[in-house]
Amino acid sequence: MLEFHNHSHWKSNMEALKRKRPELHQIILNHKPKQIGQILPTKTLPNLIFDNGEGPILAYNGTDPMQDPSIHLQNISENNHNQICIFIGMGLGYSPLLIFNKRPNTQLLIIIEPSLDLFYTALQFTDLCPLIFSNKVFFFIGSIDWQQIEQALSKFILESSYYLLCHEPSFQWNPNLYNNIKENSVKLFNQLASEGRTNHRENETSFYNLMENLTLFPHAHQIKALKGIFRNLPALIVAPGPSLTQSLPLLKKIKDSCILIAADGALGPLLHDGIYPDFVTAIDFRDINFEKVTDYIKDTWPFYLVSLGSATSFIPKRLSVRHLFFAFSQNEGYNWILKPLGFKEVEFTINSVTHLSLGLAIITEANPIIFVGQDLAYTEKKTHADNTVFSDSTPTKDCLWVTDIHGEEIKTSLFFLEFKNRIEKAIKQFPRTYINASAAGAHIDGTMVLDLSHVIDNYLNRTISVQPLVNDAVNRSASPKASILIDLARKNLYQIDLMLKNIQNASAQLSKTYIAAKRAKDLNITNPENLPPDIKKEFINLHKKNKIITQKNDCQYIDILTISKVKENERLISENAKKFSTNYISFLESGLEQIEFVHKIKSEALNIFKNSLNKLLNHLTEEDILLKQYYSKNGTYQDGLALAKIYIKSEDIVLARPILEKIIKEYPNSDESQFQMGIIHAYLFNFKEAFAAWDKAKSLNPNLAENINAIRKELGLLWLENFKTIELYPIKRSWMKRVIEISGDLPYIKQEIYNIWQKNKISVGDSSEKQLKMNIFIWEAAQEILPEWYIMNAKLLAINKDLKNSISFLNKALKIHPEKAEWIALMARYLIEGGLYDEGLEKLNQAVALDPQTATLWEELGDALFDMGDFSSAIRSYEHCFIALPYRIETLKKLGDCYLSNNQPQAAITAYQEVLKKDPNHSEALKQMLIIQKMI
């Protein structure tokens with residue numbers, strides 16, 4: 001029988017709960033624990049033997065309880081700051097504690113323990129105080145409140161990866177209890193991950209993307225223009241799963257025998273093998289998604305692009321294709337733009353690029369629909385095919401297992417599983433013949449599993465001309481007219497001004513009501529019935545004015561722009577409700593604060609939207625005028641140049657480029673045209689051509705040099721900002737390379753790069769081999785700006801015992817900063833280690849002359865010589881160090897030891913006496929003095 005309350009950790013844990021988590025503390029006090037097993041002492045930590053009536057179950061490895069938590073630890077990244085660990089069952093708490101201590105960069109730890117009895121036991125036998133006091137640890141113990149878990153996770157899940165860590169012995173002990181918790185957890189985390197990452201209803205970035213993409217609407221069509229055009233023609237959907245690499249040779253054979261639809265991530269592998277898709281789809285709202293196509297933006301491509309309206313605008317604005325189509329997922333927040341333009345949402349939720357590809361195939365009524373590269377699992381321990389951007393994920397121990405296309409088990413993730421479920425839902429909703437021809441991966445319910453070679457022989461055996469069918473569809477439908485967008489912008493601007501005026505009126509009344517509330521406080525009013533009529537009137541007036549701005553209207557975009565603030569508003573409401581029963585005046589004041597907060601966030605959202613609409617309105621109005629002028633009989637190249645410039649201003653490079661190319665062909669000596677074409681090439685990362693155009697522009701007009709440097713600086717700063725916000729190392733390397741290529745010679749950019757380095761030099765200066773390799777990789781392009789890059793190479797080579805090349809890199813760094821004492825001392829170290837003592841000592845003296853602190857190397861050298869028994873040389877080394885750093889008592893003590901070992905007792909006594917003058921209680925010096933006295 002476990003003895004409660006008699007163990008050393010119980011008291012400290014309960015005191016911690018009382019201070020930090022009083023509600024949980026009260027739950028534990030009220031709980032009457034039941035016997036769950038016995039504690040088993042081990043040589044290290046207590047173990048627990050569960051008793052479920054069918055035999056003993058060990059909570060941890062019998063000889064080493066930390067063995068199982070250590071396996072969990074191996075699966076958690078050391079450097080990922082955006083990761084969440086979710087524990088289903090905590091056992092005695094060893095896994096959460098180990099990860100908390102060894103993975104301090106972990107953003108959040110969620111502990112879900114449905115057994116109060118087990119948690120009760122852990123409080124006795126484990127020091128849980130570090131977890132209890134930490135703000136990044138959330139406990140959900142006993143009866144689980146899933147709404148609270150959702151609230152805890154929702155603000156983190158968008159940019160985070162998470163690990164589901166299950167305490168398996170708890171599942172064996174009480175399978176029904178823990179399996180139910182795991183099932184609910186998976187559902188919740190799938191929902192949050194799906195909505196947070198790819199369904200952008202609650203993401204402000206998608207709003208900004210939409211506003212940027214609207215400038216392309218008059219030049220594009222919506223996806224419904226393609227409805228039915230491929231009826232009963234085969235469509236092959238290509239995803240970038242790992243198995244795609246195996247399918248590429250066969251895909252080359254089907255060039256003209258199907259409609260080939262590729263996710264943007266699959267574009268790289270396809271084009272790398274000379275395979276041109278008919279359609280490419282894009283959905284991701286993050287600008288980093290642009291990296292999937294950046295290698296291809298310099299050219300014009302013979303395929304069509306289908307982009308979600310809220311996807312990053314970089315892709316549709318820069319990837320030059322035959323035609324652009326926009327799609328929208330079901331989202332009331334966009335009704336203000338969709339309904340007036342006649343746009344229709346796709347009939348199911350789009351939360352991955354595969355869903356958009358599938359939606360395109362369904363809308364066009366293609367049949368059969370064939371999946372290739374749709375692994376939805378960790379095939380070959382990877383997530384993506386070769387030649388894709390994001391291909392560095394590996395499965396963790398706690399992945400889920402699903403049935404693969406061969407009927408065997410395969411690892412998958414919660415995210416993949418959610419995407420799989422969405423695909424299966426669409427398959428049920430829209431009956432077709434669905435074939436999974438992926439070379440490997442998870443089985444997709446509702447599909448036939450067939451080899452791609454069999455599919456080619458039986459379904460892809462006739463020629464299909466895609467372009468005429470699409471061209472006909474485009475010709476039969478109209479792009480959204482700019483005039484409609486202009487009218488829509490003006491209408492919404494009018495509404496926004498009206499709403500802002502209403503908020504202003506309500507805020508004015510709010511000020512009066514604050515004064516009334518103060519009067520109520522002065523009158524010591526304790527309940528609503530006692531409010532004087534004049535005070536009550538102010539509250540009634542506020543209610544009326546506030547009601548006007550809370551009524552439903554057509555401006556649903558407010559929800560998108562205020563969603564991140566909603567939880568703060570909910571907190572204020574909750575706190576306000578608690579105050580009602582305790583202090584009526586405090587309740588009134590809190591209510592006014594909450595109303596003021598709502599006014600503030602609504603005003604901010606409306607002003608953001610107003611600015612975006614004004615920008616759009618100005619663009620569309622100016623574009624409309626210039627289009628008419630340029631394409632009229634009297635249109636001039638200056639009109640075309642002006643049109644191209646407004647497209648460049650809105651970053652619609654796909655529209656500006658053909659106009660400028662035509663102008664330059666006709667007027668090659670137009671300095672402004674050459675300047676603007678340089679900007680276009682720079683946006684397309686075509687830097688060689690950009691500088692060629694700018695050089696020509698400067699030769700025609702030297703005064704443009706200042707403007708050119710200004711745009712170079714602007715673009716450099718743009719990618720530097722991106723560099724600071726991303727953690728994917730291949731992407732950071734690519735973005736730094738861009739900065740250097742476009743503006744790395746500009747003094748301001750050089751300084752900014754160095755500033756970023758300085759802010760991160762604690763991490764980038766890490767001398768571990770892994771960290772050195774990573775940062776050498778990232779910062780290679782900036783090596784001429786950062787001599788530290790050479791230092792990192794020198795350290796890495798030294799770690800690998802290549803001192804000759806290490807010294808070569810040090811010389812390169814010292815050519816840039818010849819007076820850097822720290823680096824000279826480092827060279828001294830490597831020279832000495834390489835056996836070049838005289839050269840090393842010369843460098844060491846040089847370093848000490850520049851910075852006495854580097855004399856510590858003399859002490860290290862003295863230590864090495866002492867260990868080798870070369871006491872005379874060691875004495876000289878210690879003396880050099882002490883002369884430079886006379887405050888170092890330990891060096892003086894080592895000098896005395898060296899004299900003593902070298903049979904110079906009198907010199908040793910002198911050294912020890914100097915030590916004792918500085919520190920009379922120095923025990924080692926006193927001890928050595930006694931030894932010498934006995935010797936004498």
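**Figure 1. Helix α11 and its buried side in the predicted model.** Here's α11, spanning residues 244-251. Its buried residues are L244, S247, L248 and L251. They all sit on the same side of α11, because the arc they cover around the axis is only 125°. So what lies over them? The cover on the buried residues of α11 includes two strands, β9 (235-238) and β14 (369-372), plus two helices, α12 (264-272) and α17 (452-459).

**Figure 2. Helix α35 and the helices around it.** Look at α35, residues 856-868, as a 13-residue helix. From first C-alpha to last, α35 reaches 19 Å, close to the 18 Å you'd expect at 1.5 Å a residue. Which residues of α35 are buried? The list runs L857, W858, E859, L861, G862 and L865, so you get a glutamate and a glycine in there along with the leucines and the tryptophan. Those buried residues pack against α33 (821-833), α34 (837-850), α36 (871-884) and α37 (889-901). Keep an eye on the spot just after α35 too: G869 takes a positive phi there, about 85°.

**Figure 3. Strands β5 and β6, side by side.** Strand β5 (residues 108-113) and β6 run parallel, joined by 5 bridges. For a handy landmark, find I112, which stands opposite F140 in β6. As for β6 itself (residues 137-141), this strand is mostly covered, with 4 of its 5 residues buried.

**Figure 4. The largest nonpolar core, and another one apart from it.** The largest nonpolar core holds 153 residues. Which residues have the most contacts inside it? Those are I337, I753 and W779. Helix α19 (residues 482-522) gives the most to this core, putting in 10 residues. Apart from it lies another core of 110 residues, including A16, I261, L308 and I427. As a bit of background, nonpolar side chains tend to be buried together in soluble globular proteins.

**Figure 5. Zooming back out to the chain behind the close-ups.** The chain has 39 helices and 18 strands. Of its 936 residues, 53% are buried. Among contacts with a separation of 6 or more, 68% link residues 24 or more positions apart. The accessible surface comes to about 43,500 Å², and carbon and sulfur atoms account for 50% of that.

Conventions. Residues numbered from 1 in each chain as written. Predicted model: local features only at pLDDT ≥ 70, side-chain atom pairs only at ≥ 80, totals over all residues. Heavy atoms only, no water. Buried < 20%, exposed > 50% of the residue type's maximum accessible area, 1.4 Å probe, protein only. Contact = heavy atoms within 4.5 Å. Areas by Shrake-Rupley, 256 points an atom, 1.4 Å probe, with all protein chains shown as cover. Arc of directions from axis to C-beta. Core = buried A, V, L, I, M, F, W, Y, C linked by side-chain atoms within 4.5 Å. Expected span 1.5 Å × (residues − 1). Pairing = 2+ DSSP bridges.
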